[in-house]
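Me: Please take a close look at one part of this chain, the sheets and what packs against them, and then place that part in the rest of the model. A connected account is preferred to a list.

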Amino acid sequence: MPEGDTVWQTAKRLHTALAGKTLTRSDFRVPKYATVDLTGRTVLDVTARGKHLLTRIEGGITVHSHLGMEGSWKVYADQQRWTGGPAHQIRVILTAAPARATTPTVGTAPEADVQPARTAVGYRLPVLDLLRTAEEQRAVGHLGPDLLGPDWDPDRALANLLTDPARPLGEALLDQRNLAGIGNVYKSELCFLLNVTPWLPVGALPAEHTAQLPVLAKKLLEANRDRPIRSTTGRRGQDLFVYGRANRPCLRCDTPIRAADQGDGSRERPTYWCPNCQAGPAPSTTPGAASSRRTQHRPAN
């Protein structure tokens, strides 16, 4: 489930593989950019902005991508088999290698032999654009404060959330214009930790929980940005309190966890909650109603 922590990890992996190196292959497999060739240019950095990825390249060019629900970036070494999916799902290929030393020190190997080329392959990317770096705001300017970014501002994030006090909390958390990085998993887990349902109006959130919300959200994402397996519980083998646990007993009270879709129906958004531990309105639904479809859902942008 690509959320802010997953995208942050992806950016870190791409930055390590590509930054400071020269592109030796540039292959865009989308009609709009089929003739674009970035070979010979240096990759400057790769950074995450909410759920968006910005790969900045010499010459003022940014490759903007979004993982959506099923997209991914994979990094491969020379001769390594590509395992991210069939070839027709590849949207872009970027290979980068350090520039060769023109006069290597006697007795040392050329730099290119010490640091081999790496190839980044983007699979199933629903969003892939080329932008002028100076115009990145066209793609990410609408986003609220990034929970894992240098622009994080808890007061601004909270003010954004409270702009529409009648809006259900779960929907407000998913709106990337309020704060960037939360998806269906963290929405459900945050509401559980705050002891309220995702359908509770933002304005009805108890005052102590309101102040705690942005701090808790940041704490959860920061705790997971370097973990291979996301955990909100701190318990080995029981990684999440409610998400994906429909019909299973609540880890606090043993009540069966419920599941439903939240929103206006334009996107399927699986939502999980404990009807005993979490106060507030909730739909009448059969426990587990959304669980069979959760792999098909698309996250907010």
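Reply: What follows starts with the two sheets and the helix that lies across them, then moves to the cores, two loop residues and the confidence of the model.

The model is predicted. Its chain has 301 residues, of which 50% are buried, and the secondary structure comes to seven helices and 10 strands.

Take the sheet that contains β3. This open sheet is built from four strands in the order β2-β3-β4-β8, with antiparallel pairing. Its edges are β2 (43-49) and β8 (127-132); each of these has a single partner strand, so one side of each has no neighbour in the sheet. From one strand to the next, the twist averages 20°. Strands of a sheet pair through backbone hydrogen bonds, in either a parallel or an antiparallel sense. Here β3 and strand β4 (residues 61-66) run antiparallel and are joined by six bridges. One of the bridge pairs can be named: R56 has T62 in β4 as its partner.

T55 gives a view of the inside of this sheet. The residue is part of strand β3, which spans residues 52-57. Its relative accessibility is 3%, and T55 therefore counts as buried, the limit being under 20%. Not counting neighbours within four places in sequence, T55 contacts V43, D45, V46, I61, T62 and V63. Of the residues just named, T62 is also the bridge partner of R56 in β4.

The other sheet is open as well and has four strands, in the order β1-β6-β7-β5, again with antiparallel pairing. β1 (22-28) and β5 (72-77) are at the edges with a single partner strand each, so one side of each is left without a neighbour in the sheet. The twist here averages 15° from one strand to the next. The partner of β5 is strand β7 (residues 118-123), and the two pair in the antiparallel sense over six bridges. Within that pairing, S72 stands opposite Y123 in β7.

Helix α1 links the description of the two sheets. The helix covers residues 4-18 and lies across β5, β6 (90-97) and β7, where it runs at about 30° to β5. α1 also lies across β2 and β3, running at about 175° to β2. One helix thus lies across strands of both sheets: β5, β6 and β7 in one, β2 and β3 in the other.

Next, the cores. In soluble globular proteins, nonpolar side chains tend to be buried together. The largest nonpolar core in this chain has 38 residues, and the members that touch the most others are L169, L173, L179, I182 and F192. Helices α4 (154-161), α5 (169-174), α6 (184-193) and α7 (207-224) supply at least two residues each. The largest contribution is that of α6, with six residues. L173 shows how these parts meet: leaving out residues up to four places away in sequence, L173 touches L161, L179, I182, K187, L190, C191 and L213. Apart from this core lies another, of 26 residues, which includes V46, A48, L125 and L128. V46 is also among the contacts of T55.

Two loop residues stand out by backbone geometry. Most residues other than glycine have a negative phi. N195 has a positive phi of about 65° without being a glycine. This residue lies in the loop between α6 and α7 and is partly exposed, with a relative accessible area of 29%. N247 also has a positive phi, of about 75°, and is not a glycine either. N247 sits in the loop between α7 and β9 (258-261), where its relative accessibility of 47% makes it partly exposed.

Over the whole chain, 68% of the contacts with a separation of 6 or more are between residues 24 or more positions apart. The accessible surface comes to about 13900 Å², and 49% of it belongs to carbon and sulfur atoms.

Last, confidence. The average pLDDT of the chain is 90, and 87% of the residues score at least 70. Over residues 286-300, pLDDT stays under 50, although the model has 48 contacts beyond four places in sequence for that stretch. Where pLDDT is low, the predicted coordinates should not be read in detail.

Definitions and conventions
Residues numbered from 1 in each chain as written. Predicted model: local features only at pLDDT ≥ 70, side-chain atom pairs only at ≥ 80, totals over all residues. Heavy atoms only, no water. Pairing = 2+ DSSP bridges. Axes fitted to C-alpha atoms, helices over the stretch in contact; angles between N-to-C directions. Contact = heavy atoms within 4.5 Å. Core = buried A, V, L, I, M, F, W, Y, C linked by side-chain atoms within 4.5 Å. Buried < 20%, exposed > 50% of the residue type's maximum accessible area, 1.4 Å probe, protein only. pLDDT = per-residue confidence, 0-100. Areas by Shrake-Rupley, 256 points an atom, 1.4 Å probe, with all protein chains shown as cover.
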